[in-house]
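Welcome! Have a look at the sequence and the model below, then work through the exercises at your own pace.

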Amino acid sequence: MAKVTEITVWTRGVVMDKEARDIASAFAQAAEMEGKFIQAFDNYEDLPDRVFVTTRKYARISDEEIEMKYLYTNNHPDVVVIVEPTIIKGMNVLRGMPDGGLLVLNTNRPIDYMLRFIPNADVLGAIATVDADGISGIRTVDFSGSEGGVDTAGVGAGIAAPILGAMARVTGMVKKENLAKIISDVAAMERGYNEVKIQKFRKSRAEYFWGG
Amino acid sequence: MAIKVPKDREVPFGAITPAPVREQELFITSNWRAVRPVIDHEKCTLCFTCYIACPEPCWSYNEKEDQMEWSWKFCKGCQICIHECPADALTPVPELDFEDGVFRLEKPF
């Protein structure tokens with residue numbers, strides 16, 4: 001079985017739920033346009049999500065058909081995306097990460113300051129930050145129960161767009177031209193692509209490319 | 001804290017809690033919090049509005065110090081106390097400004 005790149009998106013329930021789902025689904029959809037095999041799905045373990053509770057969204061990308069059909073959590077995430085940066089303080093988000101993984105944070109604070117909240121940061125191959133709240137700042141807060149499913153903003157609006165741009169540049173798995181066909185806020189995606197900050201800790205393993 | 005339940009009568013996590021106690025060691029919800037209420041004891045008039053408004057309840061009266069006390073373990077950062085305080089003694093401060101004060105979980109419950 002070929003290497004499956006597992007992407008876990010951590011978010012706060014209800015208030016940033018739609019943005020995180022857009023990140024997982026739009027990133028996987030863009031990879032599918034480049035001929036990859038994908039899976040993208042919502043949380044199952046963390047349900048029911050309540051306001052501000054940490055929840056997860058998952059995506060899987062592979063060159064060959066993915067055979068992990070009945071696993072509904074990413075037990076060994078290669079890429080961890082944090083939509084709300086306070087989550088790293090109260091949760092071991094790097095749990096199960098293989099050596100040399102990538103952490104993408106939505107924050108405007110310096111990388112060195114954020115690293116003091118991650119006691120197990122030595123497994124990381126690289127860390128990237130993007131100030132998505134400063135670039136876009138829009139969150140789809142919806143208490144109707146549809147969880148953003150019927151809103152008119154479209155896929156990839158709000159803080160999802162800059163984070164998607166940052167992920168496209170740092171992971172190198174998708175092209176931003178393909179992302180631009182899917183998401184609605186293309187200008188914010190371009191800004192996230194250009195303004196992402198990356199710090200590499202060591203030479204990553206051969207299957208990883210954490211560029212920038 | 002371990003409560004011994006027979007194997008054939010196992011129940012979901014949190015179904016049995018010891019009571020009455022002041023603090024439950026299960027369901028520590030401090031990692032829900034993105035913003036922390038910080039009290040200014042000079043401005044506080046001890047009106048107990050935060051004590052009444054808090055859904056958890058995280059505010060209590062410390063008789064020795066003669067001031068209100070905040071529980072970092074269970075505050076979810078809902079900011080109702082900040083909204084309700086008539087003396088403006090509470091200010092919202094981002095949780096990342098502080099080094100400690102959050103219980104770190106291995107995985108969500």
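Three short exercises with worked solutions follow. This is a predicted model, in which local features need pLDDT of at least 70, side-chain atom pairs count only at pLDDT 80 or more, and totals for chains, interfaces and linings use all residues. Residues are numbered from 1 along each chain as its sequence is written, while chains are lettered from A and ligands numbered from 1 in the order in which they are written.

**Exercise 1.** Find the mean pLDDT of chain A.

*Solution.* Start with the term: pLDDT is the predictor's confidence in each residue, from 0 to 100. For chain A the mean is 86. Next, 89% of its residues reach 70 or more.

**Exercise 2.** How many helices and strands does chain A have?

*Solution.* Helices (H or I, at least four residues) and strands (E, at least two) are DSSP runs, numbered from the N terminus. Chain A has seven of each kind. Along the sequence, their order is β-α-β-β-β-α-β-α-β-α-α-α-α-β.

**Exercise 3.** Check the span of helix 5 of chain A, then decide whether its residues are mostly covered or not.

*Solution.* First, the expected span is 1.5 Å times one less than the number of residues. Helix 5 (residues 160-171) has twelve residues, so 16 Å is expected, and its end C-alpha atoms are indeed 16 Å apart. Second, a residue is buried if 20 or more other C-beta atoms lie within 10 Å of its own, exposed if 12 or fewer, and partly exposed in between, with C-beta atoms placed from the backbone. In helix 5 of chain A, twelve of twelve residues are buried, including Pro162(A) and Arg169(A). Finally, just past this helix, Gly172(A) has a positive phi of about 70°.
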